[in-house]
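User: I would like to learn how to read a few features of a structure. Can we take them one by one?

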Amino acid sequence: MSTGEELLRSRGLRVTRPRLAVLDVLSAGGHLEVDEITRRVRQRLDSVSTQAVYDVLGALSRAGLSRRIEPAGSPARYEARVGDNHHHVVCRGCGEIADVDCAVGSAPCLDPNVAHGFELDEAEVTFWGLCPTCQARRSADV
Ligand SMILES: [Zn+2]
Ligand SMILES: [Zn+2]
Ligand SMILES: [Zn+2]
């Protein structure tokens with residue numbers, strides 16, 4: 001397990017306390033909105049602005065240390081699970097997001113009939129449905 005400092009240095013990024021704090025928050029797992037990331041970073045650092053958190057997330061994403069996902073109708077979320085071509089299942093009821101491993105394996109996992117000459121590197125796949133909690137609520141609502 002490499003430390004945040006090693007991760008940052010391995011991507012040529014300067015080691016700063018906000019970057020370490022954001023990496024630490026993301027490494028706990030999940031798909032977090034910027035507000036939630038900011039709240040958790042503030043538990044670790046005395047003061048950090050929301051803009052600073054956005055800047056850090058941008059730098060981490062460009063360096064391949066975090067991934068930004070933005071399901072339709074939902075604010076952007078960030079996660080530390082990168083580089084494995086996994087997809088997401090999103091609940092239509094509450095917005096809950098879970099990881100699903102790619103059924104095929106390597107990107108792009110789907111081949112279009114016509115690629116229009118593009119060199120493809122990713123197919124963004126989002127599965128939509130109802131999570132167990134929302135299924136139970138739906139049955140109870142009837
Ligand atoms: Zn749900
Ligand atoms: Zn994910
Ligand atoms: Zn796939």
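User: Is Cys 94 buried, partly exposed or exposed?

Analyst: In this predicted model, Cys 94 has a relative accessibility of 45%. Buried means under 20% and exposed over 50%, so Cys 94 counts as partly exposed. Cys 91 has a relative accessible area of 4% and is therefore buried.

User: Which residues coordinate the zinc ion (ligand 1)?

Analyst: Cys 91, Cys 94, Cys 131 and Cys 134 do, each through SG, at 2.3 Å. Along the sequence these donor residues follow the spacing C-x2-C-x36-C-x2-C.

User: How do I read the geometry of such a site?

Analyst: Start from the ideal: four tetrahedral donors have angles of 109.5 degrees, while six octahedral ones have 90 or 180 degrees. Around the zinc ion (ligand 1), the four donor atoms subtend angles of 104 to 112 degrees, so the arrangement is tetrahedral.

User: What coordinates the zinc ion (ligand 2)?

Analyst: The donors are NE2 of His 31, His 86 and His 88, OD of Asp 99, and Glu 79, which is listed twice through OE. The distances run from 2.0 to 2.7 Å. In sequence the spacing is H-x47-E-x6-H-x1-H-x10-D. Of these residues, Glu 79 and His 88 are buried.

User: Why is the arrangement around the zinc ion (ligand 2) irregular?

Analyst: The six donor atoms there subtend angles of 53 to 169 degrees. Six donors count as octahedral if opposite donors are over 155 degrees apart and all others between 65 and 115. An angle of 53 degrees falls outside those ranges, so the arrangement is irregular.

User: Now the sheet. What is the order of its strands?

Analyst: The three strands run E5-E4-E6 in an open sheet with mixed pairing. Strand E5 (97-100) and strand E6 (126-129) are the edges, each pairing on one side only. From one strand to the next the twist averages 25 degrees.

User: In which sense do E4 and E6 pair?

Analyst: Strand E4, residues 87-91, pairs with E6 in the parallel sense, over four bridges. Val 90 stands opposite Trp 128 in E6.

User: And how is helix packing described?

Analyst: Two packed helices are described by the angle between their axes and the distance between the axes. Here the axes of helix H2 (residues 17-27) and helix H4 (residues 50-62) come within 10 Å and cross at roughly 70 degrees. That crossing makes H2 roughly perpendicular to H4.

User: Which residues make the contact?

Analyst: H2 contributes Pro 18, Arg 19, Val 22, Leu 23 and Leu 26. From H4 come Val 56, Leu 57, Ala 59 and Leu 60.

Definitions and conventions
Residues are numbered from 1 along each chain as its sequence is written. Chains are lettered from A and ligands numbered from 1 in the order in which they are written. This is a predicted model: local features need pLDDT of at least 70, side-chain atom pairs count only at pLDDT 80 or more; totals for chains, interfaces and linings use all residues. Side-chain values use heavy atoms; hydrogens and water are left out. Donors are N, O and S atoms within 2.8 Å of the metal (3.2 Å for Na, K and Ca); water is not among the atoms, so sites may look incomplete. Four donors count as tetrahedral if all angles lie between 85 and 135 degrees; four count as square planar and six as octahedral if opposite donors are over 155 degrees apart and all others between 65 and 115; anything else is irregular. Buried means under 20% relative accessible area, exposed over 50%, partly exposed in between (1.4 Å probe, protein chains only). Two strands pair if DSSP finds at least two bridges between them. Helices (H or I, at least four residues) and strands (E, at least two) are DSSP runs, numbered from the N terminus. Axes are lines fitted to C-alpha atoms, for helices over the stretch in contact, and angles run from 0 to 180 degrees between N-to-C directions. Angles under 35 degrees count as roughly parallel, over 145 as roughly antiparallel, 65 to 115 as roughly perpendicular and the rest as oblique. Contact means heavy atoms within 4.5 Å.
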